[in-house]
Amino acid sequence: MPQLNPEFFVSQLFWLAVFFTFLFVFLWRVSLPRIATVLEKRQNKIDENLSSAKELQEQAMEIEEKINDQINKAKLETDEKIKETINALQEDVSFQLSSLDKDLEKKVSDAEKEILKSKDDQMKNINNEIANITKLTVGKITDIELSDSEINKVIETHKGSFN
């Protein structure tokens, strides 16, 4: 093997130094700056993305707060509208109930008046029939002729016992 031969050591060391120096200068001046710029660009891109992500997150938080505020406002508005509707319905129902109560009271009072009138009419009819029956009965039982005014006086005196 020629690499292990001591007479080639000096030339090998020379070429090793030349090649190592060339490789060192090439890496130092060409490759490493390119790698450094790529790494720097990459880091800048990462930093930009992180900062834009933070900004977007802040914007999303603001939007979420606005949405929550709008939802709360909408809930409050619907609650108020529901309360107003319930109150309006209660007022309407109470108004209708009061009008129905008035109508029923009127109908009851009218019915009472009609019943009293009918009762009075029937009592007059009954009194007339009593007078006729009394006149006929007394006339058949006895020979006494009673006048209508006498019979009506007697009926009037006993009127409380007929009711």
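How many aromatic pairs does the count come to? The count comes to four aromatic pairs. The legends below concern a predicted model.

**View 1. The stacked rings of Phe20 and Phe24 in helix H1.** One of the four aromatic pairs is made by Phe20 and Phe24, whose ring centres are 6.5 Å apart and whose planes stand at 20 degrees. The pair counts as stacked because planes under 30 degrees apart are classed that way. Phe20 and Phe24 are four residues apart in helix H1, which means that about one helical turn separates them. Phe20 is exposed, with a relative accessible area of 56%, whereas Phe24 is partly exposed, at 49% relative accessibility. These two residues fall into separate classes because exposed means over 50% relative accessible area.

**View 2. The stacked rings of Phe24 and Trp28 in helix H1.** Phe24, partly exposed at 49% relative accessibility, also pairs with Trp28. The ring centres of Phe24 and Trp28 are 6.1 Å apart and their planes are at 25 degrees, so this pair is stacked. Phe24 and Trp28 are four residues apart in helix H1, and therefore about one helical turn lies between them. Trp28 is partly exposed, with a relative accessible area of 47%. Phe20, Phe24 and Trp28 together form one aromatic cluster. A pair of aromatic rings is described by the distance of the centres and the angle of the planes.

**View 3. A nonpolar patch on the surface.** The patch consists of Phe19, Phe22, Leu23, Phe26, Leu27, Leu32, Ile35 and Leu39. Together these residues have about 770 Å² of accessible area. Phe22, one of the patch residues, lies in helix H1. The relative accessible area of Phe22 is 54%, so Phe22 is exposed.

**View 4. A negative patch on the surface.** Glu55, Glu58, Glu62, Glu64, Glu65 and Asp69 form this patch. Among them is Glu62, a residue of helix H1, which spans residues 9-141. Glu62 has a relative accessible area of 47% and is therefore partly exposed.

**View 5. Gln57 in helix H1, shown with Trp15.** Gln57 has its place in helix H1. At 52% relative accessibility, Gln57 counts as exposed. Along the chain, Gln57 and Trp15 are 42 residues apart. In space, the C-alpha atoms of Gln57 and Trp15 are separated by 59 Å.

**View 6. Lys102 in helix H1, shown with Ile126.** Lys102 is found in helix H1. Its relative accessible area is 59%, so Lys102 is exposed. Lys102 and Ile126 are 24 residues apart in sequence. From C-alpha to C-alpha, Lys102 and Ile126 are 35 Å apart in space.

**View 7. Asp148 in helix H2, shown with Asn132.** Helix H2 covers residues 148-157, and Asp148 lies in this helix. Asp148 counts as partly exposed, at 43% relative accessibility. Asp148 and Asn132 are 16 residues apart along the chain. The C-alpha atoms of Asp148 and Asn132 are separated by 8.6 Å.

Technical notes:
Residues numbered from 1 in each chain as written. Predicted model: local features only at pLDDT ≥ 70, side-chain atom pairs only at ≥ 80, totals over all residues. Heavy atoms only, no water. Patch = residues over 30% accessible without salt bridge, like charges linked within 9 Å, V, L, I, M, F, W, Y side chains within 5 Å. Areas by Shrake-Rupley, 256 points an atom, 1.4 Å probe, with all protein chains shown as cover. Salt bridge = Lys/Arg side-chain N within 4 Å of Asp/Glu carboxyl O. Lys, Arg positive; Asp, Glu negative; His and termini not counted. Charge placed at Lys NZ, Arg CZ, Asp CG, Glu CD. Helix = DSSP H or I, 4+ residues; strand = E, 2+ residues; numbered from the N terminus. Buried < 20%, exposed > 50% of the residue type's maximum accessible area, 1.4 Å probe, protein only. Phe/Tyr/Trp six-rings, centres within 6.5 Å; stacked < 30°, edge-to-face > 60°.
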